[in-house]
Amino acid sequence: MEIIEKAPAKINLGLDVLRKREDGYHELEMVMSSVDLADRLTFETLPTNEIIVETNKAFLPIDKRNNVYQAASILKERYGIEEGIKISITKNIPVAAGLGGGSTDCAAALRGMNRLWELNLSMDELVSMGVQVGTDVPYCLYGTTAFIAGKGEIVQPLVPMPQCWVVLVKPRISVSTRKIFQQVEMDKLSHPDMNKLSAAILARDYQGMLQHMGNSLEDITIPKHPIIQQIKERMLKYGADAALMSGSGPTVFALCQKYSRAQRIVNGLKGFCDEVYLVRTLQ
Ligand code: ATP
């Protein structure tokens, strides 16, 4: 039997770094939503007890460094599954981009194996495995617009964000999330208010949402990569309702309600960056 799971990218409508914890992680508050740009995973059982991961991107690891491999290994061990599995990943989400590509693949792998082996695992059980692989995996398992706290393991679903067009622009640089967090100096960060952002989304207030969007990590990533600021400025010049860096970067997204404006932003940014995507919010 073969089954298929979609793994959508996430954007950060908000990210606030509250403090550094004793365990080395940072205490965060975030608001995330998923967009219609997705990787595709297919699953096939194998008679031999092994895990095979394949992907269309040759530079990605396919051994235990791959989040999908880790998900399979944790789930098989926890539930004593002796059948093998082959998972093929068609990557469409840019890698190391701030769009949660590895985390969403891991979440899709857990969902897919749950279906394939008819395990009937609850969301809490899936989350408890996902969090072992990455801090954004719990959100990706929910996949709906949500308020997120802790280091990512506390997920409170909100209502879907107001529908709009999303233009994603990834400059040709890769940013390591770990390195950005290592450079955080708490007294130099701005603090967008995640409670006000969540309240605006719950009230389905598009303008209020735009007003409270913000990302503390822009203060770290932008000085190192000024192209991110240039992309934001261009997006606003071409008519974006808002433009913000996602996660630790470097992808920048623009939101707009009018399709004609979204197209103008795409056309205006295409010559400037190779990777430009026009997508919808996911409901
Ligand atoms: P986040 O927003 O959660 O920080 P990201 O979008 O910045 O994530 P990823 O695309 O998840 O970053 O890639 C980060 C690293 O994870 C890559 O360098 C890659 O080698 C590794 N990785 C492991 N498994 C995967 C996977 N299935 N897809 C993409 N990257 C993976």
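## A cis peptide bond

Pro250 sits in the loop that links β9 (242-245) to β10 (252-256). This is a predicted model. In it, the peptide bond between Gly249 and Pro250 is cis. Its omega is about 5 degrees. Most peptide bonds are trans.

## Backbone at Ala96

Ala96 is found in the loop between β4 (84-90) and α2. Its phi is positive, about 50 degrees, although Ala96 is not a glycine. Most residues other than glycine have a negative phi. Ala96 also belongs to the ligand shell, where it is listed with the residues that come nearest.

## The ligand shell

The ligand has 19 residues around it. Those that come nearest are Ala96, Gly100, Gly102, Asp136 and Thr177. Sorted by class, the shell holds 8 polar, 6 nonpolar and 5 charged residues. Which helix gives the largest share of the shell? That is α2, residues 101-116, with 4 residues.

Where does the ligand lie among the pockets? It takes up the space of the largest pocket.

## Polar contacts and cover

Three polar contacts can be traced one by one. Thr177 offers a polar side-chain atom 2.7 Å from an oxygen atom of the ligand. At Gly98 the backbone is the partner: one of its polar atoms is 3.0 Å from a ligand oxygen. Asn66 uses its side chain, with an N or O atom 3.2 Å from a nitrogen atom of the ligand. How much of the ligand is covered by the protein? On its own, the ligand has 620 Å² of accessible area, and the protein covers 78% of that.

## Annotated active site

An unreviewed UniProt entry lists Lys10 and Asp136 under "active site". The two are spread over 127 residues of sequence, yet they cluster in space. The largest C-alpha distance is 9.4 Å. Both Lys10 and Asp136 are included in the lining of the largest pocket, whose space the ligand takes.

Lys10 is part of strand β1, which spans residues 2-20. Asp136 is one of the residues that come nearest to the ligand.

## Annotated domains

UniProt, again in an unreviewed entry, assigns residues 66-143 to "domain: GHMP kinase N-terminal". This span is 58% helix and 9% strand. Its end C-alpha atoms lie 20 Å apart. The listed range begins at residue 66, and Asn66 is the residue whose side chain approaches the ligand nitrogen at 3.2 Å.

The annotation "domain: GHMP kinase C-terminal", also from an unreviewed entry, covers residues 199-272. Here the chain is 55% helix and 15% strand. The end C-alpha atoms of this stretch are 35 Å apart. The cis bond between Gly249 and Pro250 falls within residues 199-272.

Conventions. Residues numbered from 1 in each chain as written. Predicted model: local features only at pLDDT ≥ 70, side-chain atom pairs only at ≥ 80, totals over all residues. Heavy atoms only, no water. Near = heavy atom within 4 Å. Polar contact = N/O pair within 3.5 Å; in protein donor to acceptor, adjacent residues only side chain to side chain. Areas by Shrake-Rupley, 256 points an atom, 1.4 Å probe, with all protein chains shown as cover. 1 Å grid on protein atoms, 1.4 Å probe; cavity = no way out; pocket = protein on both sides within 12 Å on 5 of 7 lines; lining within 4 Å. Sits in = over half its atoms within 2 Å of the grid points. Helix = DSSP H or I, 4+ residues; strand = E, 2+ residues; numbered from the N terminus. Nonpolar A, V, L, I, M, F, W, Y, C, P; charged D, E, K, R; others polar. UniProt positions renumbered as here; feature names shortened; annotations may be inferred.
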